[in-house]
Amino acid sequence: MRLVTVEAARAHRVVPLSVDARTLTVATARPLDPSLDELGFRVGRRVRLLVASDAAIDEGLEAFCGNEISRLATILGERTDLVDIEDSATLERAARAAPLVRLVDEIIRESARARASDIHVEPGRAAVTVRIRVDGILRRAWSLPLAVRTALVSRLKVMAGMDISVRRRPQDGSLRLRVLDRELALRVSTLPSGGSEKAVIRILDSERAPLDLRELGLSSEDAGRLRDVVAAGRGVILATGPTGSGKSSTLHALLHALDREGRNVVTLEDPVEYRLPGVTQVQVDPRSGLTFPAALRAVLRQDPDTVMVGEIRDAETARIAMAAAVTGHLVLSTLHTTDAPGALTRLVQMGVPAYLVAGGVSAIVAQRLARRTCSHCRGAACPRCDGGLRGRTGVFQLLVVDDALRDAVVDGASTPTLRRLAREGGMRSLSEDARRQVAERRTTPHEIVSITRGDPSAGRPCSNCAGGVPTDAAGCPWCGLATVSRCRCGRRLEPGWKWCPECRAPKSPT
């Protein structure tokens, strides 16, 4: 490993096996590659080749690179000049030192190879822990010497264009990097913690962006209904759900479904995550005055056909988006709500006039993510997956707004009423779609437990049959068990009451 660098091993696709004074022995899947002569010239030895398969070379390189991180960490841990540097000039020189640069590059490269979406650099009392999030699960990847904690975070700041002298307040930065022959966008965030700083790197890979609605996990029926709404070319389409539920991926899949040659498509994002050909993409920058409302007003003067707003964060943005939809534009955006009908209520609660919400919103997609069954072993567990699971699939609830829902919104209907009308209009719950995914073997029952338990549209479980009981129901629609006791006058009776407090009639025995 001292003789053959990781960069050279990757460039020539060789795994170094042994070395003596005259010969370097390597494994390769390409024994006739003329560039191997260059490797011999570089190391000053004759290169002896042993032939292996491509899969074996990939596995060997992965192990070799993992050892490289450990080796660099050991070298840096022995350096006393890196411990808690205070001087900014010295810190910047340390952040540009070759071993530290290679360590950070290797961490990012190996995290990308593992399909990680996030890298967490967490200084502790005895070591710096690096954890990576793969398919939504955060796991420990490497433990680094505590001596590198300041220089390591400073290196990330230098790469992301942040101020390394500022350590007592949060900072954000970004950069683009070519890793594993792919263009990656990295978003770096730092946070003061326990006298040091924690750093989180979000990895955005444009090549992993979904291009089709069916790839996301939508059923063929829901995908067809959503394409019809997009084809109409007007109204607001919202993707809702918690942070990390794949809302941005859904919006980009919708953009791919558009005719970008014959339409003027503009996106407002913070930050721009995936580059799309044929689309004008605007980076929102509140510090310079380019907020979502200001950018949206400017875009509407640019003769747009379709506008994507990364997130509706305030009432002003929401009102402008709804007004644009009413006047004939197609607007795509995201909102944080637990289910699709709740988004209609949330917009009204934000201060958007009910008539604008009713007239503007065309469809709402609520979603969650569940780990997907491995396509190679179909859940049996193989070297490519984690216990039979690899990647994630979306679980969806599609609400297409009809006239009954529009009238109810204008009349100020409650969320339970909107849920009931939506179900009557054909909307399924997240729980139902999750069970469909299990039936199609796209995921497992264990993966959808949190989705079914947290689905407000499914209602509370019946104590008799465990079926979903709507929140406004007096009884279970599956087995008929009464779930709410009411007097003949309509007043709800609490457990233990013997008389109705409204009409003073005795409680009927049940």
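Here is a chat between a trainee and a mentor about this predicted model.

Trainee: Before we dig in, what counts in this model, and how are residues numbered?
Mentor: It's a predicted model, so local features need pLDDT of at least 70 and side-chain atom pairs count only at pLDDT 80 or more, while totals for chains, interfaces and linings use all residues. Side-chain values use heavy atoms, with hydrogens and water left out, and residues are numbered along each chain as its sequence is written, from 1.

Trainee: What share of the chain's residues is buried?
Mentor: Buried means under 20% relative accessible area (1.4 Å probe, protein chains only). The chain has 510 residues, and the buried part is 47%.

Trainee: How many helices and strands does the chain have?
Mentor: Both are DSSP runs numbered from the N terminus: helices are H or I with at least four residues, strands are E with at least two. On that basis the chain has 17 helices and 18 strands.

Trainee: Are α5 and α6 roughly parallel or roughly perpendicular?
Mentor: Axes are lines fitted to C-alpha atoms, for helices over the stretch in contact (heavy atoms within 4.5 Å), and angles run from 0 to 180 degrees between N-to-C directions. Helix α5 (residues 98–113) packs against helix α6 (residues 149–159) at about 75 degrees, with axes 10 Å apart. Angles of 65 to 115 degrees count as roughly perpendicular. The pair is therefore roughly perpendicular.

Trainee: Which residues of α6 meet α5?
Mentor: From α5 come Leu100, Val101, Val104, Asp105 and Ile108. On the α6 side, the residues are Ala151, Leu152, Arg155, Leu156 and Met159.

Trainee: Which residue in the turn between β7 and β8 has a positive phi?
Mentor: Two strands pair if DSSP finds at least two bridges between them, and β7 (171–179) and β8 (182–193) pair in the antiparallel sense over 9 bridges. One of these partnerships joins Arg176 to Ala185. The two strands form a hairpin with 2 residues between them, and the one with a positive phi, about 55 degrees, is Leu180.

Trainee: Which strands are at the edges of the open sheet of 7 strands?
Mentor: The order is β12-β11-β13-β14-β10-β15-β16, with mixed pairing. An edge strand here pairs on one side only, and that picks out β12 (280–283) and β16.

Trainee: What angle does α8 make with β16?
Mentor: Helix α8 (residues 220–232) lies across β10, β14, β15 and β16. Its direction relative to β16 is about 60 degrees.

Terms used:
Angles under 35 degrees count as roughly parallel, over 145 as roughly antiparallel, 65 to 115 as roughly perpendicular and the rest as oblique. Buried means under 20% relative accessible area, exposed over 50%, partly exposed in between (1.4 Å probe, protein chains only).
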